[in-house]
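Okay, can everyone see the screen? I'll walk through one model today, going from the whole chain down to a couple of single residues.

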Amino acid sequence: MITIAIANQKGGVGKTTTAINLSASLAHLGRKTLLIDLDPQGNSGRGVGIDISMPELTVFESLSKGVPLKDCILHTSFDGLDIIPANLRLASFEASLYENPLPEPFLLLRKRMEELGSDGYDYVILDCPPSLGLLSINALAASNSVIIPIQCEYFALEAVAAILSTVSKVQAAQNPDLRIEGFLLTMYDSRTQLGTEISSEVRHLFKENTFLTSIPRNQSIAESQARQVPALAFRPNSQGATAYLALAREVIDHEER
């Protein structure tokens, strides 16, 4: 079971979009996949057609109350893709720890995930919130690797130093085996000079750690979100859907190598 966090403290860079569409693409390629939403906004659940107001058991109940993760799993309508949803209850997670402190708060998710080893998942994808707080650190501490989406716009690279610093701290304190799966260029538009400049700079700075696949700025991705399905299920031949399918193939290739 390979666990990959999608993390960047900067909002609007495509973390949730990547989590949804990478998970769906891995499932489409025959890998049984579990998507875990760690963002209180709950958009990963919405993006695969889940009414996040309905589940009694979410990732919050598992982290704060010790409910086994397997009891929180919901099946989606997409073959091979399950999800553990989140909703606004998760926003109270850190506050709940002040009232009822738990031992090793940065390792709560890792401990809960140990029980999933026998459930047959090939991949677990963790959608992190737009911050580097307790939830994101739990995700990094529980992961084999991290994908860092970088939006091809101004100020994009300023956020990279912060996430790299956090990764280094987690490697030193909680998870020495954590590695960077890759930097992922998102919302890329080759027709703009800025997009080309950001892409060239990222590939120069991070070389082999940058995915060959770039995610284009594509209307089908936005429309699929509005319809609460992955792009692959909405318009399988669109640029957005084929890009995420190519990303999934790169991820699988990384693991096989």
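Let's start with contacts. If you take the contacts in the protein chain with a separation of 6 or more, residues 24 or more positions apart account for 78% of them. And just to be clear up front, this is a predicted model.

What about secondary structure? The protein chain has 11 helices and 7 strands.

Now the overall dimensions. For 257 residues, you'd expect a compact globule to have a radius of gyration near 18 Å, and the protein chain comes in at 17 Å, so that agrees. If you prefer a box, the C-alpha trace spans about 50 × 40 × 35 Å along its principal axes.

How much of it is buried? Of the 257 residues, 54% count as buried. The accessible surface of the protein chain is about 11,300 Å², and carbon and sulfur atoms own 51% of that.

For the electrostatics people: the protein chain has 21 positive and 29 negative charges, and the mean positions of those two sets are 2 Å apart.

Okay, zooming in. Helix 11 covers residues 239-256, so 18 residues by the DSSP runs. From its first C-alpha to its last, helix 11 reaches 26 Å, close to the 26 Å expected at 1.5 Å a residue. Quite a list of helix 11 residues is buried, including G240, A241, Y244, L245, L247 and V251.

Keep L245 in mind, since H28 touches it, along with L232, once you leave out residues up to four places away in sequence. H28 itself sits in helix 1, residues 15-28. So is H28 buried or exposed? It's exposed: its relative accessible area is 53%, and the cut-off for exposed is over 50%. One distance for H28, too: A172 is 144 residues away in sequence, and the C-alpha to C-alpha distance is 36 Å.

Now for T186. You'll find T186 in strand 7, which runs over residues 179-186. T186 counts as buried because its relative accessibility is 2%, and buried means under 20%. And what does T186 touch, not counting residues up to four places away in sequence? The list is V13, T18, P149, I150, Q151, C152 and I215.

So, to put those two next to each other: H28 is exposed at 53%, whereas T186 is buried at 2%. That's what I've got, happy to rotate the view if anyone wants to look around.

Key. Residues numbered from 1 in each chain as written. Predicted model: local features only at pLDDT ≥ 70, side-chain atom pairs only at ≥ 80, totals over all residues. Heavy atoms only, no water. Helix = DSSP H or I, 4+ residues; strand = E, 2+ residues; numbered from the N terminus. Rg over C-alpha atoms; globule rule 2.2 N^0.38 Å. Buried < 20%, exposed > 50% of the residue type's maximum accessible area, 1.4 Å probe, protein only. Contact = heavy atoms within 4.5 Å. Areas by Shrake-Rupley, 256 points an atom, 1.4 Å probe, with all protein chains shown as cover. Lys, Arg positive; Asp, Glu negative; His and termini not counted. Charge placed at Lys NZ, Arg CZ, Asp CG, Glu CD. Expected span 1.5 Å × (residues − 1).
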